[in-house]
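Subject: The structure I promised you

Hello,

Here is the structure we talked about, with some notes to help you find your way around. Please have a look at it before you read on.

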Amino acid sequence: MMHLPTLKQTKEFLQDNKKTIFGTALTLVLLYALGIAYTLFSDDKVEEIKKIDPATGLELQLITDTEYKALLEDAVRFDFYVENTEGYAFTNFNLLEAVLLSPEVYEAINSVEPIVATDAIEAMEEGSIPTNYMIDVDTDNETSELHITVGTGDEAKNEAIATLLYEAVQAGTIPFFENKSTYLLSEPHVVQLEKGPEPTNETGTTSMLLYLVMAAGLFIGGLLLGMLFGFLRLFFKKEITDVFNYRMSDDDIVLDLSHTIDADQEAALAHGIQHPAATRKLVLSEEHLSPTVQKRLEQMEGAPYIFAQSILSTDPLLHFDEVILVSRKNGTTKDWYKNQRTQLENYATPIKIILI
């Protein structure tokens with residue numbers, strides 16, 4: 001019948017596996033902290049966009065989230081609706097954005113309003129603002145209305161570029177619109193955009209509290225995972241542990257002295273070996289018994305004890321009234337115990353197992 005572990009057994013389990021338990025928890029928290037640190041660090045860095053600027057054929061310059069948000073301030077937008085030759089709404093805003101980023105449109109914009117960096121955009125000080133940051137096209141999924149937004153960080157520049165694009169769409173000078181029906185819904189106007197990158201430097205108390213709560217939860221989860229590792233370790237450890245099953249026969253007697261206090265354990269072991277009285281007993285232990293216990297037993301009249309570390313080292317012609325296997329938790333190996341039990345199947349002798 002299975003019994004729940006006692007409080008003392010639980011405390012001993014935690015004591016034996018404290019390095020595994022706390023090591024697992026601390027490792028998870030450390031990895032979490034490194035992950036958060038890397039995320040915050042990388043968010044402050046330039047986000048790579050591996051596209052080619054159609055105007056130059058070179059890889060686009062890279063800007064940070066903060067710099068991109070600066071481009072969106074005082075952005076200018078106009079709205080319109082496009083139908084294709086079949087009379088259906090044209091909603092491929094990605095294709096339209098590519099058209100507006102084409103070299104021909106870029107040159108038309110640059111000839112009217114040179115695209116140069118503003119002081120607010122530090123990453124752009126030595127070059128031009130990439131057009132894929134400057135012009136954004138999106139669509140309203142419910143109405144199929146298209147929006148062209150211009151953001152350079154300079155309201156006057158935004159107004160000039162948006163007006164140029166507005167007039168080009170209205171006049172149909174961009175070849176893309178020649179075979180399509182275009183309806184302008186609004187003139188260029190300043191908008192305050194709510195979308196775009198969120199700030200990456202989260203310094204608010206709520207965010208920090210959330211990090212701490214998650215770290216605490218992860219630590220608790222790590223403790224439970226460490227306990228699981230410790231429990232599995234009991235099964236796979238080569239030495240005998242608390243979960244090892246000694247019984248190989250219903251006639252086996254198992255005397256568990258592993259939880260007695262150290263001061264009483266030697267006396268309890270000697271008493272367990274002595275009782276009941278017999279003509280001859282074989283005491284097997286992988287490690288030598290302590291000199292105190294062995295001397296106490298040998299002092300008995302007749303000394304009916306034979307001490308051995310393996311049954312193979314005893315006289316096979318001897319008869320024993322009782323065989324006693326002394327096992328030390330986390331000391332005696334499972335292989336040794338199983339080998340002794342295999343050899344003892346040849347003996348019709350009562351077997352007692354004493355755990356210390």
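Which residues form a nonpolar patch on the surface? They are Leu 225, Leu 228, Phe 229, Phe 231, Leu 232, Phe 235 and Phe 236, and together they have about 690 Å² of accessible area. Do keep in mind as you look that this is a predicted model. To find the patch, you could start from Phe 235, which lies in helix 8, residues 205-236. Phe 235 is partly exposed, with a relative accessible area of 46%.

There is also a charged patch on the surface. Glu 73, Asp 74, Glu 155 and Glu 159 make up this negative patch. One of them, Asp 74, deserves a second look. Asp 74 sits in the loop between helix 3 (65-72) and strand 1 (75-83), and a relative accessible area of 31% makes this residue partly exposed. The backbone is unusual here too: phi of Asp 74 is near 55°, a positive value in a residue other than glycine. As background, most residues other than glycine have a negative phi, and most peptide bonds are trans.

Asp 74 has company in this respect. Ser 144 has a phi near 65°, again positive in a residue other than glycine. You will find Ser 144 in the loop between strand 2 (135-139) and strand 3 (146-150). Is Ser 144 buried or exposed? Ser 144 counts as buried, at 16% relative accessibility, because the cut-off for buried is under 20%.

While you are looking at the backbone, go to His 275 and Pro 276. A cis peptide bond joins these two residues, with omega at about -5°. Pro 276 belongs to the loop between helix 9 (262-274) and strand 7 (281-285).

Next come the salt bridges. How many does a search of the whole structure find? The search finds five. Let me take you through some of them.

One is between the side chains of Asp 16 and Lys 329, at 3.9 Å from N to O. Asp 16 is in helix 1 (residues 7-16) and Lys 329 is in the loop between strand 9 (322-327) and helix 11, so this pair ties together parts that are 313 residues apart in sequence. Asp 16 is partly exposed, at 39% relative accessibility.

Another brings together the side chains of Asp 252 and Arg 341, at 3.1 Å from N to O. This pair links distant parts of the chain, with Asp 252 in the loop between helix 8 and strand 6 (253-256) and Arg 341 in helix 11, 89 residues apart. Both partners are out of the way: Asp 252 counts as buried at 7% relative accessibility, and Arg 341 counts as buried at 6%.

A further salt bridge joins the side chains of Glu 322 and Lys 352, at 3.6 Å from N to O. Here too the pair links distant parts of the chain: Glu 322 is in strand 9 and Lys 352 in strand 10 (residues 351-355), 30 residues apart. Glu 322 is buried, with a relative accessible area of 7%, and Lys 352 is buried as well, with 6%. Salt bridges that share partners join Lys 281, Glu 322 and Lys 352 into one network.

Now back to helix 11, the home of Arg 341. Which residues of helix 11 (residues 334-344) are buried? They are Lys 334, Trp 336, Tyr 337, Gln 340, Arg 341 and Leu 344. Seen down the axis of helix 11, these buried residues fall within an arc of 165°, so they line one face of the helix. A general point helps in reading that pattern: an α-helix has 3.6 residues a turn, so residues three or four places apart point the same way.

My last stop is Glu 187, in the loop between strand 4 (181-184) and strand 5 (189-191). At 57% relative accessibility, Glu 187 counts as exposed. Glu 187 and Arg 77 are 110 residues apart in sequence, while their C-alpha atoms are 7.9 Å apart in space.

Enjoy exploring, and do write back with any questions.

Best wishes

Notes: Residues are numbered from 1 along each chain as its sequence is written. This is a predicted model: local features need pLDDT of at least 70, side-chain atom pairs count only at pLDDT 80 or more; totals for chains, interfaces and linings use all residues. Side-chain values use heavy atoms; hydrogens and water are left out. Patches are made of residues with over 30% relative accessible area and no salt bridge: like charges are joined within 9 Å, nonpolar side chains (Val, Leu, Ile, Met, Phe, Trp, Tyr) within 5 Å. Accessible areas come from the Shrake-Rupley method with a 1.4 Å probe; for residues, only the protein chains shown count as cover. A salt bridge is a side-chain nitrogen of Lys or Arg within 4 Å of a carboxyl oxygen of Asp or Glu. Lys and Arg count as positive and Asp and Glu as negative; His and the chain ends are not counted. The place of a charge is taken as NZ of Lys, CZ of Arg, CG of Asp or CD of Glu. Helices (H or I, at least four residues) and strands (E, at least two) are DSSP runs, numbered from the N terminus. Buried means under 20% relative accessible area, exposed over 50%, partly exposed in between (1.4 Å probe, protein chains only). The arc is that of the directions from the helix axis to the C-beta atoms.
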